[in-house]
Amino acid sequence: MDYKAKFEPRGTKVIHGAGQSLEMFREYWQAVEDRKPIIYMTYIKIQKLDKWLKKIKKEVKEFPNLILQIGLNFRVESKDKTKEIAAGKYDKEFDKLLQFIKKFENPVFIRIGYEFDKSGKYDAKNFVKAWRHFVNKYRKEKVLNIANVWCACPYKGTASVEPYYPGDEYVDWFGIDVFAVKNFANNSAQQTEKFLKLSEEHRKPVMVGESSPARTGVDKGQKSWNEWFKPYFKWIEDHPNIKAFCYINWDWSKDWKQPEWLNGRIHENKIVRKNFVKELSQRRYIHNQKIKDFLENVYS
């Protein structure tokens with residue numbers, strides 16, 4: 001199921017990514033043996049852009065051949081700034097970001113205003129205007145190594161996502177974030193399936209922008225694997241429009257102060273880690289490789 005979107009793998013291939021902190025990415029990098037991720041997840045708050053730029057320049061030097069997956073927040077100090085963004089009031093910040101991306105050269109996925117459909121997060125009309133403004137800006141400046149991702153979290157029972165859609169000509173990929181197994185693997189996942197169906201209607205590949213075994217964790221070993229990981233990878237396999245996944249390698253009680261989500265660090269359970277590496281050994285996954293080789297296997 002090929003849509004020929006920017007950086008979309010040909011055929012049934014799925015890009016492998018992880019994050020979402022440097023420390024846990026390091027641990028994950030070692031845990032998956034020779035199945036290294038090629039996508040590195042990172043997040044930008046516009047008001048802290050300079051700090052992020054300083055940090056990311058160091059981080060990308062630590063690992064070879066990284067593709068960035070950026071979560072770009074359109075809120076500033078917890079307030080919706082899509083109206084101001086659409087009016088160009090943050091263009092100076094975006095200029096700095098785009099200069100870095102252009103110089104970086106490797107592919108960059110940007111989840112613009114990720115999880116936009118959370119109730120009360122963004123005004124839909126202003127979100128569309130802000131999205132188009134940002135996309136028009138990087139296209140005008142010929143920053144050619146960006147693919148944008150329209151990333152929602154529809155399983156939370158939020159309002160319809162359609163009012164937030166910027167239009168097919170402005171969207172490269174759809175994206176979806178999933179956590180608890182009920183978000184994707186049983187009858188309660190109807191909103192997720194509806195969103196995936198929408199991606200087919202718009203002929204867009206899908207990136208799992210964020211995923212982690214919330215409320216299952218890794219500490220139960222084989223039981224954890226059977227309850228979350230096995231249905232997760234089966235879900236990806238059953239949906240050929242899913243062309244990338246990103247795993248959050250966090251212990252949620254320590255890394256995000258959310259103890260009820262439990263521990264998702266795969267390197268901290270031998271059984272889960274072993275099964276995870278075995279799963280990633282399947283030929284459908286695209287792992288870390290020379291960027292030249294990656295680009296030969298995706299659409300440009």
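Me: Before we start, what counts as a helix?
Reply: Helices are DSSP runs of H or I with at least four residues, numbered from the N terminus. The structure itself is a predicted model.

Me: Then which helix does arginine 132 lie in?
Reply: Arginine 132 is part of helix H5, which covers residues 124-140.

Me: Is arginine 132 buried, exposed or partly exposed?
Reply: Arginine 132 counts as partly exposed, because its relative accessibility is 33%, and the class in between runs from the 20% limit for buried to the 50% limit for exposed.

Me: What does arginine 132 touch, leaving out residues up to four places away in sequence?
Reply: With those neighbours left out, arginine 132 touches Pro166 and Tyr170.

Me: And how far is arginine 132 from alanine 86 in space?
Reply: Their C-alpha atoms lie 7.9 Å apart, although 46 residues separate arginine 132 from alanine 86 in sequence.

Me: Changing topic to pockets. How much space lies in the largest pocket?
Reply: The largest pocket holds about 1300 Å³ of space. Strand S2 (39-45), helix H2 (49-62), strand S4 (75-76) and helix H8 (252-255) are the elements that each give two or more residues to its lining.

Me: Which element gives the largest share of that lining?
Reply: S2 does, with 6 residues.

Me: How many residues line the largest pocket, and which lie nearest its centre?
Reply: The lining has 41 residues, and those nearest the centre are Gln20, Tyr43, Tyr114, Glu210 and Trp256.

Me: How does the lining divide into nonpolar, polar and charged residues?
Reply: There are 16 nonpolar, 10 polar and 15 charged residues in the lining of the largest pocket.

Me: Now H1. Which of its residues are buried?
Reply: In H1, residues 22-31, the buried ones are Leu22, Met24, Phe25, Tyr28, Trp29 and Ala31.

Me: What do the buried residues of H1 pack against?
Reply: They pack against three strands, S1 (14-19), S2 and S10 (242-248), and against the helices H2, H8 and H9 (270-280).

Me: What follows H1?
Reply: Glutamate 33 follows H1, and its phi is positive, near 60 degrees.

Me: Last topic: how many disulfides does a search of the whole structure find?
Reply: The search finds 0 disulfides.

Me: Why is there no bond between cysteine 151 and cysteine 153?
Reply: The closest cysteine sulfur to that of cysteine 151 is in cysteine 153, but the two are 7.7 Å apart and therefore too far for a bond; a disulfide needs the sulfur atoms within 2.5 Å.

Me: Is cysteine 151 buried or exposed?
Reply: Cysteine 151 is buried, with a relative accessible area of 0%. Cysteine 153 is buried too, at 0%.

Technical notes: Residues numbered from 1 in each chain as written. Predicted model: local features only at pLDDT ≥ 70, side-chain atom pairs only at ≥ 80, totals over all residues. Heavy atoms only, no water. 1 Å grid on protein atoms, 1.4 Å probe; cavity = no way out; pocket = protein on both sides within 12 Å on 5 of 7 lines; lining within 4 Å. Points joined across faces, edges and corners; volume = space filled by probe spheres on them. Nonpolar A, V, L, I, M, F, W, Y, C, P; charged D, E, K, R; others polar. Buried < 20%, exposed > 50% of the residue type's maximum accessible area, 1.4 Å probe, protein only. Contact = heavy atoms within 4.5 Å.
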